[in-house]
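Please look over the sequence and the three-dimensional model below. The report that follows takes up a few places in turn and then turns to the chain as a whole.

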Amino acid sequence: MIGIYLSAKNDTEGFRIPVNPPELPFKNTADGEEFSIAKKGTVNVPKPMKLTEFAFSSFFPADDTHYAETQFREPQIYIDQINKWMAAETVIRFIYVGGSFSVNELVTIESFEPKDQFGTEDVDYTISFKKHVPFGFKKMEVVKKNAAKKGAASIKQPVTVAKKEAPRDNPKPVPQTYSLVKGDSLWKIAQKYTGNGANYKALQSLNGIKDSELRKLPIGLKVKIPPEWTAKK
């Protein structure tokens, strides 16, 4: 089934043409330029094609009809939407499907001419479109050159490049170790190094010792001592 759809803003606005037009002509033209050359006559220099243009005529029915392709809407709804797009210079999507070819293009509405029919409330209209090619502008950077003094030769001055010193390594202090002897505990070791056995938790955390292992530490186990403990000694 042939259908023509107009939409904008990621399909949040739009509609299907309620009554298909009898034809949908497309116009593709090139922008060739003619020149007159002596003893040769007129020649044509080919140039890139112009943007595709197309238009059609149909009508918006004033009443619900069996031949309409969509659910009935008042003609004014279609007219207001098209005028809104044109006033906002909105780029819309034009989709044509179901015919011998299909179209899915970004376009601009170039003209829209609604008119009343005599003897009916239907609204005739003619609408034309032009293909839209997205584009953008690149920011141009102007490089300023130092003007040489008048009458003096331009002499290139040597450029001194300051070498950046490599960042010095800041090695972390390596903790000392203590080998357990018979009768030792983390409490006693903390008491020995800090004067307060209650600091044994720091030892336990640094060495990854579980609470269940505190009472059965093997003799000869090397325990890492926090660097700050040895610094205070």
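The side chain of Ser58 reaches the backbone oxygen of Val19 at 2.6 Å, a polar contact in the sense of a pair of N or O atoms within 3.5 Å, where within protein one atom must be able to donate a hydrogen and the other to accept it, and where residues adjacent in sequence count only if both atoms are side-chain atoms. This is a predicted model, in which local features need pLDDT of at least 70 and side-chain atom pairs count only at pLDDT 80 or more, while totals for chains, interfaces and linings use all residues. Residues are numbered from 1 along each chain as its sequence is written, and side-chain values use heavy atoms, with hydrogens and water left out.

Ser58 belongs to strand S6, which covers residues 53-60; helices (H or I, at least four residues) and strands (E, at least two) are DSSP runs, numbered from the N terminus. With a relative accessibility of 10%, Ser58 counts as buried, a word that stands for under 20% relative accessible area, whereas exposed means over 50% and partly exposed lies in between (1.4 Å probe, protein chains only). Leaving aside residues up to four places away in sequence, Ser58 touches Val19, Asn20, Pro21, Val123, Asp124 and Tyr125, where contact means heavy atoms within 4.5 Å.

Several loop residues can be set beside this strand residue.

| Residue | Loop | Relative accessibility |
|---|---|---|
| Asn10 | between S1 (3-8) and S2 | 77%, exposed |
| Asp11 | between S1 and S2 | 60%, exposed |
| Glu23 | between S2 (13-16) and S3 (26-27) | 56%, exposed |
| Glu74 | between S6 and H1 (75-87) | 45%, partly exposed |

Two of these residues are also described by their backbone: phi of Asn10 is near 55°, a positive value in a residue other than glycine, and Asp11, although not a glycine, has a positive phi of about 65°. Most residues other than glycine have a negative phi.

The other two are described by a partner elsewhere in the chain. Glu23 and Phe56 are 33 residues apart along the chain, and their C-alpha atoms are separated by 6.8 Å. Glu74 and Asp63, for their part, are 11 residues apart in sequence and 7.8 Å apart in space, C-alpha to C-alpha.

How do helices H2 and H3 pack, and at what angle? Helix H2 (residues 186-194) and helix H3 (residues 200-207) meet at an angle of about 115°, and their axes are 8 Å apart. That makes H2 roughly perpendicular to H3, since angles of 65 to 115 degrees count as roughly perpendicular, those under 35 as roughly parallel, those over 145 as roughly antiparallel and the rest as oblique. On the side of H2 the contact is made by Leu186, Trp187, Ile189 and Ala190, and on the side of H3 by Tyr200, Leu203 and Gln204. These contact residues divide into six nonpolar, one polar and no charged.

For the chain as a whole, there are four helices and 11 strands. Of its 233 residues, 25% count as buried. Among contacts between residues at least 6 apart in sequence, 56% join residues at least 24 apart.

Methods
Axes fitted to C-alpha atoms, helices over the stretch in contact; angles between N-to-C directions. Nonpolar A, V, L, I, M, F, W, Y, C, P; charged D, E, K, R; others polar.
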